[in-house]
Amino acid sequence: MKLKWIFVLIMMVLAASVATTFLIPSDGDPTLIWVTRTGCGLALLLMVVFYVKVMKPLGSITNGFDLLRAQDFSSRLTHVHQQEADRIIDMFNKMMQSLKNERLHLREQNHFLDLLINVSPMGILILDTKDTVVSANPSASTYLEFTGGSKMEGTPLNSLDTQLGRTLRSLAQGETMTVRLNDSMIYRCSRLSFMNQGFAHPFILIEKLTDEVMKAEKKSYEKVIRVIAHEVNNTMAGVRAMLTTAGAVLEENPDENADLLEVISVCENRCDAMSSFITSYANVVKIPEANLMATDLNAEISHWRIMLESLCTGRNIKVNFELSDRPVNVRIDPVLMEQVLINIVKNSAESIGNDGCITVTTAPHPPTLTITDNGRGISEETEKMLFSPFFSTKVNGHGIGLIFVSEVLHKHGCKFSLRTSSDNLTRFTIRFPIAN
């Protein structure tokens, strides 16, 4: 039973006692009767004073605890004009004001943190204990190819089937991994945790390093190539000049010096081949800026058709062109893009070897170019190295073809990928920015 109702019950008993005194026979001791009546009246009066001084402030404080339980930090208690109780009420009101300010400060911090997370170029995935995505910022959705308004919330981490998603699934708690994908993108992924309500909650950070790494790589190999090209070309020029002089002297008696002339000819050819070899590397660092112009991709591919088919001559490889019925409007540098397509088709033909098929497909919405071949395919290990500088799976490959392709496509603002799908077909997919 609440103290209030106990107090009311006592008040009723006292009131009944006072009323009972008036029922005492008048022939009794009058002094005793008036003493009894006065005592009961004073007790009743003291109970009323006690109610005003104690029970009413106590009820006000009880209401304050109800407000605190409901987390209503905006309401305040009023004074009850009782010194001790008013001191407690003042302390309570100050505590409520402090809690209100703290909550407001926490909300402001959370709002600021939400804004930072939403505009951050770093992808952030917050997971629950079952590795289901609870929250994902726009950067994470973009990196994991959740576009078109689709939400990642509620998606199990194990269901992310992109190359980056498979990398995230393999991360152990506290592990950081840097990975290069089959679209030349480079990410640093970390799986960490934060404490909330006494429990550790996992989250994943995805940091895009593509631009920084590519700039650093390019700066490094540009310097190396320039030094090597300078030294090799100077040396080859001097050797070539001496061979030419020696050849001219030996030409005076060609019959006697036939063997030496043949050796000199081989050496000259080798010098030319070495100069050509190093020049091919030097050309990679001299790619001009893209001169973009609006054009129909279908029309450009039709112009390049004979050139592309000639790359497969003698291999019994058929090149199919499945161009969209509608124009594919893009902004490209036709010269650079032709070289890109030549590199891709040449790689496809070399992957097939003999007796195969290459299909060139276009689509208008979004503008997309896909080159598909039925060659030997690309392993997952090779995918991670495809666009690394000077990496090649060919015996005599230089590893500069895909560097050139990647550099040109980045200059065009394209998104691209190269991978072998479950149908054993290898696709190089290029998605162009939508032309205005």
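Two strands pair if DSSP finds at least two bridges between them. The legends below apply this to a predicted model.

**View 1. Strand E1 pairs with strand E2 in the antiparallel sense.** Three bridges link E1 to E2, which spans residues 133-136. Within this pairing, Leu 125 has Ala 136 of E2 opposite. The two strands make up a hairpin, and five residues separate them. In the turn, Asp 131 has a positive phi of about 60 degrees.

**View 2. Strand E1 is also joined to strand E5.** E5 covers residues 199-208 and runs antiparallel to E1, with four bridges between the two. Leu 125 appears here again: its bridge partner in E5 is Ile 204. E1 itself, residues 123-127, is mostly covered, with four of its five residues buried.

**View 3. His 412 sits in a loop between a helix and a strand.** Helix H11 (401-411) comes before this loop, and strand E11 (415-420) comes after. Is His 412 buried or exposed? Its relative accessibility is 5%, and buried means under 20%, so His 412 counts as buried.

**View 4. Surroundings of the His 412 side chain.** A polar atom of the His 412 side chain lies 2.9 Å from the backbone nitrogen of Asp 333. Asp 333 is also among the residues that His 412 touches, when residues up to four places away in sequence are not counted. The others in that set are Ala 290, Leu 292, Arg 331, Ile 332, Leu 336, Met 337 and Pro 433.

Note on methods:
Residues numbered from 1 in each chain as written. Predicted model: local features only at pLDDT ≥ 70, side-chain atom pairs only at ≥ 80, totals over all residues. Heavy atoms only, no water. Buried < 20%, exposed > 50% of the residue type's maximum accessible area, 1.4 Å probe, protein only. Polar contact = N/O pair within 3.5 Å; in protein donor to acceptor, adjacent residues only side chain to side chain. Contact = heavy atoms within 4.5 Å.
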